[in-house]
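The following exercises invite the reader to examine a protein model step by step. Each task is followed by a worked solution.

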Amino acid sequence: MMPAVGWTAPTGPAAPAPVKSAPKGEAQSPADPVPALPPAAVDVANPPPAIDDTGEPTPDDDDTSAADGGDMLADIVLPCGVRVIVAQDRSLPVAAVVLAVETGTEDDPNDAPGLVHALAYHLLQGNREHAPGGITRMVHGGGGVAQLAIGPAQIRYESVLPASMLRESIAAEASRLRAPTVSAPLWNETVRFARRDRARTWSAPAALRAAAHQSDGLRHDGHPVSEAVASLSERAVASHLAERFGYDRATLVVVAPDPPDLVLNLAMAAFADLPAAARVARDRSVTPRRGATPRTATTQAQAPGTFVWPIPGDARVQAWATVVCGAINRLRRVATEPARVRVRCTIDDDARRGVMIVRASGADDLQTAVRDRLQRVRDDEGGSLAKERTVVAAGLRHELRMPLPLARHLARARPPGPTPPAPPLRPADSLRGDAALRSADATAGVPGDVAYLLELGAATMAAPVDAAPGGGTP
């Protein structure tokens, strides 16, 4: 039986230590609800940052965590192709270690849905250095917690553990993707556990998310494991693992009390024996569409008045999208609008494939209603944009005072492509979304690369099922 990974499985061995649930934007595996992290992992001694008269967060004098934007972090691509990001957080004697692989359920072959989901589970079955579940048992045995997060375009193996175990944890993640153990009994067990995993419920229909991101792979759920996947041979499983789960498309993120250069040396030593390989550039960027009217996409779900904008895999842009969405919700109905008009915004959060969703109702012309709201945000009516920017920046800064949320946040950093960033030591603000909000001019509005979120022509709109066969307007 596959060992539990920080959760309670429906059947099987007793669950180990509890673990915090995966972030809102991604699926938590497996299905059962996950209790919160132990109290020791929560910085209860530090309250949320105060807001001074200028509306900006007030730094705490004794704040020694990585939430202080003045700190440095390490960001380098090693010769083997793995990207390593190391940040220092001295608030707790614990470390967060995240191995993020730039692959996901949208990369499933058309004839084998659920493949990546099952492969992600199978990497819990050990390798030539660890027995099945061995890495998880090591983390739990030292008093830590571990979990797996599966998304459309990024899969993460996460752990929080005592800082004294940092060397062992880095070494374990440096071995996770090497020569994974593959056998028919283990694969059958993997499929069984993967099929128990509930799929995430998205707010926007799959057809709209796929059209917004211009990726057909988002049209399917990706969690149900098909019979074609379950019947794969051992050789096929090994081949798919080697193709999709390599260190040349992985990022190791470490947040620890030790200085970044010392932790970086541990990582470099752990990966030193891997052969040189070029970084695989996973280009999932989307060029925002321009025009006066949104494109349309047909959906099986009836979703009239639903407009979707893509949010790229970039922590900075994701933070600004949260600001824009909140500012839309801050606006009050103007006197000229009928009382029945409603325009509300939500975000389907994801490390790489998030979307901003605006739903309008009660208007004779829904496009005009949404366009007017976007213009009012662009004009910063009543200071709605500036106020929301302050609130989101303060909330992010407080959230990122803890090691695991900060490690997840850094795993969202824009992929570096084949060229390593230089120099290796950079200001922590360079990869933090909240830093972009805190440093922004309150009167300048949203940056140019985020302005498309305020353009109706950049959205994808739900169309009736019987309209425009073939997916709608290009």
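A disulfide is a pair of cysteine sulfur atoms within 2.5 Å. The model to which this criterion is applied here is a predicted one.

**Exercise 1. The disulfide**

Determine which cysteines form a disulfide, and establish which parts of the chain the pair ties together.

Solution.

Step 1. A search of the whole structure yields one disulfide. Its partners are C325 and C345, whose sulfur atoms are 2.0 Å apart, and the cut-off is 2.5 Å.

Step 2. Each cysteine is now assigned to its element. C325 belongs to helix 9 (residues 315-330) and C345 to strand 12 (residues 342-348), so the pair ties together parts that are 20 residues apart in sequence.

Step 3. The handedness follows from the torsion about the S-S bond. For C325 and C345 this torsion is about -120 degrees, and the disulfide is therefore left-handed.

Step 4. Accessibility is judged against a limit: buried means under 20% relative accessible area. C325 has a relative accessible area of 5% and is buried; C345, at 5% relative accessibility, also counts as buried.

**Exercise 2. The sheet beside helix 9**

State the order of the strands in the open sheet of five strands, and explain why one side of each edge strand is left without a neighbour.

Solution.

Step 1. The five strands of the open sheet follow the order 10-15-11-13-12, with mixed pairing.

Step 2. At the edges stand strand 10 (295-298) and strand 12; each has a single partner strand, so one side of each lacks a neighbour in the sheet. On average, neighbouring strands of this sheet are turned by 30 degrees against each other, direction ignored.

Step 3. One pairing may be followed in detail. Strand 10 pairs with strand 15 (residues 460-463) in the parallel sense over four bridges, and A297 has A462 in strand 15 as its bridge partner.

Step 4. Helix 9 can now be placed. This helix lies across strand 11 (306-311), strand 12 and strand 13 (354-361), and it runs at about 160 degrees to strand 12.

**Exercise 3. Strand 4 and its partners**

Decide whether strand 4 is largely enclosed or open, and identify the strands to which bridges join strand 4.

Solution.

Step 1. Strand 4 (residues 72-77) has six residues, five of which are buried, so it is largely enclosed by the rest of the structure.

Step 2. Strand 4 and strand 14 (residues 425-427) run antiparallel and are joined by three bridges. Here L73 has R426 as its bridge partner.

Step 3. Strand 4 and strand 5 (residues 83-88) also run antiparallel, joined by four bridges. The bridge partner of D75 in strand 5 is I85.

Step 4. Strand 4 and strand 5 form a hairpin with five residues between them, and G81 in the turn has a positive phi of about 100 degrees.

**Exercise 4. A helix crossing**

Describe how helix 1 passes helix 4, and classify the residues in contact.

Solution.

Step 1. The axes of helix 1 (residues 115-122) and helix 4 (residues 184-195) come within 9 Å and cross at roughly 115 degrees. The crossing of helix 1 with helix 4 is right-handed.

Step 2. Helix 1 contributes H117, A118, L119, Y121 and H122 to the contact, while helix 4 contributes L186, W187, T190, F193 and A194.

Step 3. Sorted by class, this contact holds seven nonpolar and three polar residues, with no charged residues.

Methods. Residues numbered from 1 in each chain as written. Predicted model: local features only at pLDDT ≥ 70, side-chain atom pairs only at ≥ 80, totals over all residues. Heavy atoms only, no water. Helix = DSSP H or I, 4+ residues; strand = E, 2+ residues; numbered from the N terminus. Buried < 20%, exposed > 50% of the residue type's maximum accessible area, 1.4 Å probe, protein only. Axes fitted to C-alpha atoms, helices over the stretch in contact; angles between N-to-C directions. Left-handed = near helix turned anticlockwise from the far one by under 90°. Contact = heavy atoms within 4.5 Å. Nonpolar A, V, L, I, M, F, W, Y, C, P; charged D, E, K, R; others polar. Pairing = 2+ DSSP bridges.
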